[in-house]
Protein chains: 2
Amino acid sequence: MDRDLQRQAGLALAEHHLLAIINEAGEQGIRPTDLALGSTLTKSGLTRAVDRLEALGLIASRVCPTDGRGQLLALTAKGRQKLRRAAPEFFRSVAQHFADHLTERETETLASAFERIAAADRR
Amino acid sequence: MDRDLQRQAGLALAEHHLLAIINEAGEQGIRPTDLALGSTLTKSGLTRAVDRLEALGLIASRVCPTDGRGQLLALTAKGRQKLRRAAPEFFRSVAQHFADHLTERETETLASAFERIAAADRR
DNA sequence: CGGAATAACTTGCGTAGGCAACTAGTTGAT
DNA sequence: ATCAACTAGTTGCCTACGCAAGTTATTCCG
(Lines give C-alpha, C1' and ligand atoms only; values in the text may rest on other atoms or scores of the structure.)
Protein backbone atom coordinates (compact mmCIF):
# COMPACT_ATOMS: atom_id res chain seq x y z
CA MET A 1 0.00 0.00 0.00
CA ASP A 2 2.84 2.34 0.76
CA ARG A 3 4.28 1.80 -2.69
CA ASP A 4 0.87 2.12 -4.34
CA LEU A 5 0.16 5.39 -2.61
CA GLN A 6 3.64 6.73 -3.10
CA ARG A 7 3.52 6.10 -6.81
CA GLN A 8 -0.04 7.13 -7.53
CA ALA A 9 -0.49 9.97 -5.09
CA GLY A 10 3.01 11.02 -4.13
CA LEU A 11 2.29 10.40 -0.49
CA ALA A 12 3.69 7.82 1.91
CA LEU A 13 1.15 5.66 3.69
CA ALA A 14 2.28 6.93 7.09
CA GLU A 15 1.82 10.52 5.96
CA HIS A 16 -1.56 9.73 4.49
CA HIS A 17 -2.64 8.26 7.79
CA LEU A 18 -1.60 11.37 9.69
CA LEU A 19 -3.35 13.64 7.20
CA ALA A 20 -6.52 11.58 7.56
CA ILE A 21 -6.49 11.92 11.34
CA ILE A 22 -5.73 15.62 11.21
CA ASN A 23 -8.55 15.99 8.72
CA GLU A 24 -10.97 14.41 11.19
CA ALA A 25 -10.11 17.11 13.68
CA GLY A 26 -11.28 19.74 11.21
CA GLU A 27 -10.84 23.48 11.53
CA GLN A 28 -9.98 23.60 15.20
CA GLY A 29 -6.93 21.37 14.88
CA ILE A 30 -5.44 18.56 16.92
CA ARG A 31 -2.61 18.34 19.42
CA PRO A 32 0.45 16.28 18.46
CA THR A 33 -0.03 14.19 21.59
CA ASP A 34 -3.53 13.24 20.52
CA LEU A 35 -2.30 12.58 17.04
CA ALA A 36 0.27 10.16 18.45
CA LEU A 37 -2.54 8.11 20.01
CA GLY A 38 -4.00 7.47 16.58
CA SER A 39 -0.70 6.55 14.99
CA THR A 40 2.11 4.13 15.75
CA LEU A 41 4.64 6.91 16.17
CA THR A 42 6.34 8.05 19.33
CA LYS A 43 6.42 11.73 20.08
CA SER A 44 9.85 12.13 18.57
CA GLY A 45 8.80 10.43 15.38
CA LEU A 46 5.78 12.65 15.36
CA THR A 47 7.81 15.83 15.71
CA ARG A 48 9.62 14.89 12.54
CA ALA A 49 6.59 13.76 10.59
CA VAL A 50 4.88 17.02 11.46
CA ASP A 51 7.94 18.96 10.33
CA ARG A 52 7.83 17.16 7.00
CA LEU A 53 4.13 17.71 6.44
CA GLU A 54 4.52 21.34 7.34
CA ALA A 55 7.48 21.72 4.99
CA LEU A 56 5.31 20.26 2.24
CA GLY A 57 2.68 22.85 3.04
CA LEU A 58 0.09 20.19 3.78
CA ILE A 59 -0.54 21.18 7.37
CA ALA A 60 -0.18 24.35 9.41
CA SER A 61 0.54 24.62 13.11
CA ARG A 62 -0.26 27.38 15.53
CA VAL A 63 0.53 27.70 19.20
CA CYS A 64 -2.22 26.27 21.32
CA PRO A 65 -4.06 29.19 22.95
CA THR A 66 -4.73 27.29 26.17
CA ASP A 67 -1.32 25.66 26.55
CA GLY A 68 1.81 27.47 25.51
CA ARG A 69 3.81 24.25 25.30
CA GLY A 70 1.67 22.71 22.65
CA GLN A 71 0.53 23.19 19.10
CA LEU A 72 -2.64 22.80 17.15
CA LEU A 73 -2.28 21.15 13.78
CA ALA A 74 -4.75 21.51 10.95
CA LEU A 75 -4.79 20.76 7.24
CA THR A 76 -4.14 23.55 4.78
CA ALA A 77 -6.23 23.82 1.62
CA LYS A 78 -3.36 22.07 -0.14
CA GLY A 79 -3.40 19.30 2.42
CA ARG A 80 -7.13 18.77 2.00
CA GLN A 81 -6.67 18.61 -1.74
CA LYS A 82 -3.83 16.13 -1.46
CA LEU A 83 -5.91 13.91 0.78
CA ARG A 84 -8.93 14.12 -1.49
CA ARG A 85 -6.90 13.25 -4.55
CA ALA A 86 -5.23 10.34 -2.81
CA ALA A 87 -8.54 8.86 -1.71
CA PRO A 88 -9.37 6.80 -4.82
CA GLU A 89 -5.99 5.12 -4.86
CA PHE A 90 -6.11 4.61 -1.11
CA PHE A 91 -9.41 2.78 -1.21
CA ARG A 92 -8.45 0.85 -4.31
CA SER A 93 -5.30 -0.33 -2.58
CA VAL A 94 -7.11 -1.28 0.62
CA ALA A 95 -9.53 -3.30 -1.46
CA GLN A 96 -6.85 -5.01 -3.47
CA HIS A 97 -4.62 -5.96 -0.60
CA PHE A 98 -7.15 -6.54 2.15
CA ALA A 99 -10.86 -6.00 1.74
CA ASP A 100 -11.25 -8.11 -1.38
CA HIS A 101 -9.95 -11.12 0.48
CA LEU A 102 -12.35 -10.85 3.40
CA THR A 103 -16.02 -11.53 3.86
CA GLU A 104 -18.25 -8.88 5.41
CA ARG A 105 -18.40 -10.96 8.51
CA GLU A 106 -14.63 -11.25 8.78
CA THR A 107 -14.23 -7.53 8.22
CA GLU A 108 -16.54 -6.79 11.11
CA THR A 109 -14.78 -9.28 13.35
CA LEU A 110 -11.40 -7.76 12.55
CA ALA A 111 -12.65 -4.25 13.14
CA SER A 112 -14.03 -4.97 16.57
CA ALA A 113 -11.07 -7.10 17.57
CA PHE A 114 -8.57 -4.45 16.51
CA GLU A 115 -10.53 -1.78 18.30
CA ARG A 116 -10.39 -3.76 21.51
CA ILE A 117 -6.67 -4.44 21.14
CA ALA A 118 -5.89 -0.80 20.40
CA ALA A 119 -7.95 0.36 23.37
CA ALA A 120 -6.05 -2.00 25.68
CA ASP A 121 -2.77 -0.70 24.29
CA ARG A 122 -3.67 2.92 24.96
CA ARG A 123 -3.69 2.19 28.69
CA MET B 1 6.35 -6.68 21.90
CA ASP B 2 9.61 -5.49 20.47
CA ARG B 3 10.41 -3.66 23.67
CA ASP B 4 9.30 -6.60 25.82
CA LEU B 5 11.47 -9.03 23.90
CA GLN B 6 14.40 -6.67 23.67
CA ARG B 7 14.42 -6.11 27.42
CA GLN B 8 13.68 -9.63 28.61
CA ALA B 9 15.50 -11.66 26.00
CA GLY B 10 17.95 -9.25 24.37
CA LEU B 11 16.45 -9.93 20.97
CA ALA B 12 14.50 -7.65 18.65
CA LEU B 13 11.11 -8.90 17.54
CA ALA B 14 12.18 -8.89 13.89
CA GLU B 15 15.23 -10.98 14.71
CA HIS B 16 13.16 -13.35 16.79
CA HIS B 17 10.81 -13.83 13.89
CA LEU B 18 13.67 -14.69 11.55
CA LEU B 19 15.19 -17.11 14.02
CA ALA B 20 11.82 -18.81 14.39
CA ILE B 21 11.49 -19.32 10.65
CA ILE B 22 15.05 -20.53 10.29
CA ASN B 23 14.42 -22.90 13.14
CA GLU B 24 11.46 -24.41 11.29
CA ALA B 25 13.78 -25.26 8.43
CA GLY B 26 15.89 -27.36 10.77
CA GLU B 27 19.26 -28.90 10.03
CA GLN B 28 19.17 -28.55 6.27
CA GLY B 29 18.80 -24.79 6.31
CA ILE B 30 16.76 -22.30 4.34
CA ARG B 31 17.53 -19.99 1.44
CA PRO B 32 17.41 -16.24 2.09
CA THR B 33 14.87 -15.86 -0.70
CA ASP B 34 12.52 -18.29 1.01
CA LEU B 35 13.15 -16.59 4.31
CA ALA B 36 12.09 -13.29 2.75
CA LEU B 37 8.70 -14.79 1.89
CA GLY B 38 8.02 -15.42 5.55
CA SER B 39 9.11 -11.99 6.68
CA THR B 40 8.28 -8.43 5.72
CA LEU B 41 11.82 -7.70 4.60
CA THR B 42 13.08 -7.12 1.10
CA LYS B 43 16.15 -8.96 -0.02
CA SER B 44 18.41 -6.05 0.88
CA GLY B 45 16.96 -5.82 4.37
CA LEU B 46 17.39 -9.53 4.65
CA THR B 47 21.06 -9.41 3.65
CA ARG B 48 21.67 -7.09 6.57
CA ALA B 49 19.55 -8.96 9.07
CA VAL B 50 21.37 -12.15 8.16
CA ASP B 51 24.71 -10.38 8.59
CA ARG B 52 23.68 -9.26 12.05
CA LEU B 53 22.44 -12.67 13.15
CA GLU B 54 25.59 -14.23 11.84
CA ALA B 55 27.77 -11.68 13.62
CA LEU B 56 25.91 -12.55 16.81
CA GLY B 57 26.73 -16.19 16.22
CA LEU B 58 23.05 -17.16 16.17
CA ILE B 59 23.00 -18.52 12.65
CA ALA B 60 25.55 -20.00 10.27
CA SER B 61 25.49 -19.87 6.51
CA ARG B 62 27.08 -22.17 3.98
CA VAL B 63 27.14 -22.01 0.23
CA CYS B 64 24.22 -23.85 -1.30
CA PRO B 65 25.53 -27.05 -2.88
CA THR B 66 23.05 -26.95 -5.75
CA ASP B 67 23.26 -23.22 -6.54
CA GLY B 68 26.53 -21.38 -6.19
CA ARG B 69 24.80 -18.00 -5.98
CA GLY B 70 22.88 -18.82 -2.86
CA GLN B 71 23.29 -19.71 0.76
CA LEU B 72 21.71 -22.06 3.22
CA LEU B 73 21.04 -20.59 6.64
CA ALA B 74 20.64 -22.63 9.79
CA LEU B 75 20.59 -21.93 13.51
CA THR B 76 23.71 -22.57 15.54
CA ALA B 77 23.46 -24.19 18.96
CA LYS B 78 23.66 -20.68 20.39
CA GLY B 79 20.81 -19.58 18.15
CA ARG B 80 18.64 -22.46 19.23
CA GLN B 81 19.35 -21.65 22.85
CA LYS B 82 18.55 -17.98 22.35
CA LEU B 83 15.26 -18.85 20.72
CA ARG B 84 14.34 -21.35 23.41
CA ARG B 85 15.12 -18.88 26.17
CA ALA B 86 13.12 -16.13 24.51
CA ALA B 87 10.06 -18.33 24.10
CA PRO B 88 8.42 -17.73 27.51
CA GLU B 89 8.63 -13.96 27.16
CA PHE B 90 7.50 -14.13 23.55
CA PHE B 91 4.35 -16.05 24.38
CA ARG B 92 3.68 -13.95 27.46
CA SER B 93 3.90 -10.82 25.36
CA VAL B 94 1.67 -12.18 22.60
CA ALA B 95 -0.88 -13.05 25.25
CA GLN B 96 -0.71 -9.68 26.95
CA HIS B 97 -0.92 -7.56 23.85
CA PHE B 98 -3.12 -9.70 21.63
CA ALA B 99 -4.39 -13.11 22.59
CA ASP B 100 -5.85 -12.10 25.94
CA HIS B 101 -8.13 -9.63 24.19
CA LEU B 102 -9.55 -12.10 21.70
CA THR B 103 -12.00 -14.96 21.94
CA GLU B 104 -11.07 -18.36 20.52
CA ARG B 105 -13.44 -17.75 17.69
CA GLU B 106 -11.89 -14.38 16.83
CA THR B 107 -8.42 -15.85 16.96
CA GLU B 108 -9.40 -18.49 14.43
CA THR B 109 -11.04 -15.94 12.18
CA LEU B 110 -7.96 -13.73 12.26
CA ALA B 111 -5.65 -16.64 11.55
CA SER B 112 -7.52 -17.78 8.48
CA ALA B 113 -8.09 -14.26 7.21
CA PHE B 114 -4.42 -13.36 7.59
CA GLU B 115 -3.38 -16.57 5.91
CA ARG B 116 -5.55 -15.76 2.91
CA ILE B 117 -4.26 -12.19 2.72
CA ALA B 118 -0.63 -13.28 2.98
CA ALA B 119 -1.14 -15.91 0.30
CA ALA B 120 -2.63 -13.31 -2.06
CA ASP B 121 0.30 -11.03 -1.37
CA ARG B 122 2.86 -13.68 -2.23
CA ARG B 123 1.58 -13.72 -5.81
C1' DC C 1 3.21 32.92 45.87
C1' DG C 2 7.41 29.88 45.09
C1' DG C 3 9.40 25.65 43.93
C1' DA C 4 9.07 20.70 42.89
C1' DA C 5 6.89 17.54 39.87
C1' DT C 6 4.93 16.85 35.53
C1' DA C 7 3.70 17.44 30.64
C1' DA C 8 4.50 18.91 25.65
C1' DC C 9 7.40 18.90 22.55
C1' DT C 10 12.53 18.87 20.49
C1' DT C 11 17.12 17.26 19.42
C1' DG C 12 21.48 14.28 19.04
C1' DC C 13 22.61 10.06 18.02
C1' DG C 14 22.37 5.55 16.37
C1' DT C 15 20.14 1.60 13.80
C1' DA C 16 16.96 -0.64 10.52
C1' DG C 17 15.60 -1.06 6.14
C1' DG C 18 14.01 0.38 1.21
C1' DC C 19 15.41 1.42 -3.61
C1' DA C 20 18.23 1.14 -7.46
C1' DA C 21 22.35 -0.26 -9.34
C1' DC C 22 25.81 -3.88 -9.27
C1' DT C 23 28.14 -8.64 -9.24
C1' DA C 24 28.14 -13.29 -9.97
C1' DG C 25 26.08 -17.72 -10.95
C1' DT C 26 22.35 -20.28 -13.70
C1' DT C 27 19.23 -21.37 -17.37
C1' DG C 28 17.45 -21.62 -21.90
C1' DA C 29 17.30 -20.89 -26.82
C1' DT C 30 19.67 -21.26 -30.92
C1' DA D 1 28.73 -24.26 -27.08
C1' DT D 2 27.51 -19.56 -26.66
C1' DC D 3 25.23 -15.65 -25.39
C1' DA D 4 21.14 -13.39 -23.72
C1' DA D 5 17.91 -13.30 -20.09
C1' DC D 6 17.11 -14.26 -15.55
C1' DT D 7 17.89 -15.04 -10.54
C1' DA D 8 20.46 -14.74 -5.86
C1' DG D 9 22.40 -11.88 -3.10
C1' DT D 10 25.17 -7.41 -2.06
C1' DT D 11 26.17 -2.52 -1.60
C1' DG D 12 25.81 2.81 -1.62
C1' DC D 13 22.90 6.06 -0.44
C1' DC D 14 19.21 8.03 1.94
C1' DT D 15 15.16 8.38 5.01
C1' DA D 16 12.30 7.20 8.98
C1' DC D 17 12.13 6.65 13.60
C1' DG D 18 13.21 5.05 18.48
C1' DC D 19 15.55 6.23 22.77
C1' DA D 20 17.27 9.18 26.16
C1' DA D 21 18.34 13.63 27.46
C1' DG D 22 17.18 18.54 27.08
C1' DT D 23 14.02 22.80 26.98
C1' DT D 24 10.09 25.35 28.06
C1' DA D 25 5.48 25.80 29.91
C1' DT D 26 2.02 24.23 33.32
C1' DT D 27 0.20 22.41 37.48
C1' DC D 28 -0.02 21.28 42.09
C1' DC D 29 1.22 21.81 46.80
C1' DG D 30 2.37 23.86 51.01
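**Entry 1: a glutamate in helix α6**

I started with E106(A), which counts as buried because its relative accessibility is 9%; buried means under 20% relative accessible area, exposed over 50%, and partly exposed in between, with a 1.4 Å probe and protein chains only. Before going on, I noted that this is a predicted model, where local features need pLDDT of at least 70, side-chain atom pairs count only at pLDDT 80 or more, and totals for chains, interfaces and linings use all residues. Residues are numbered from 1 along each chain as its sequence is written, chains are lettered from A and ligands numbered from 1 in the order in which they are written, and side-chain values use heavy atoms, with hydrogens and water left out.

I found E106(A) in helix α6 of chain A. Helices here are DSSP runs of H or I with at least four residues, strands are runs of E with at least two, and both are numbered from the N terminus.

Which residues does E106(A) contact, leaving aside its neighbours within four places in sequence? I listed H101(A), T109(B), S112(B), A113(B) and R116(B), where contact means heavy atoms within 4.5 Å.

**Entry 2: the arginine partner**

I then looked at how E106(A) meets R116(B): their side chains make a polar contact at 2.7 Å. A polar contact is a pair of N or O atoms within 3.5 Å; within protein, one must be able to donate a hydrogen and the other to accept it, and residues adjacent in sequence count only if both atoms are side-chain atoms.

R116(B) sits in helix α6 of chain B and, at 34% relative accessibility, counts as partly exposed. Not counting residues up to four places away in sequence, R116(B) touches H101(A), L102(A) and E106(A). I also checked R116(B) against I30(B): they are 86 residues apart in sequence and 23 Å apart in space, C-alpha to C-alpha.

**Entry 3: helix α6 of chain A as a whole**

I compared the length of α6(A), residues 104-121, with expectation: at 1.5 Å a residue its 18 residues should span 26 Å, and its end C-alpha atoms are 26 Å apart, which agrees. The expected span is 1.5 Å times one less than the number of residues.

Which residues of α6(A) are buried? They are E106(A), T109(A), L110(A), A113(A), I117(A) and A119(A). Their cover includes α5 (77-97) and α6 (104-121) of chain B.

**Entry 4: DNA strand C**

I counted 21 residues around DNA strand C, the closest being K43(A), R48(A), T42(B), R48(B) and G68(B); a residue is near a strand if one of its heavy atoms lies within 4 Å of it. Sugar and phosphate make up 59% of the strand C atoms that come within 4 Å of the protein.

For chain B, I noted a polar side-chain atom of T42(B) 2.7 Å from a phosphate oxygen of strand C. A polar backbone atom of G68(B) is also 2.7 Å from a phosphate oxygen of strand C. S44(B) reaches a base instead, with a polar side-chain atom 2.9 Å from a base nitrogen of strand C.

**Entry 5: DNA strand D**

I found 21 residues around DNA strand D, with T42(A), R48(A), G68(A), T33(B) and R69(B) the closest. Of the strand D atoms within 4 Å of the protein, 63% belong to sugar or phosphate and the rest to bases.

On chain A, a backbone N or O atom of G68(A) lies 2.7 Å from a phosphate oxygen of strand D. From chain B, a polar side-chain atom of R69(B) lies 2.6 Å from a base oxygen of strand D.
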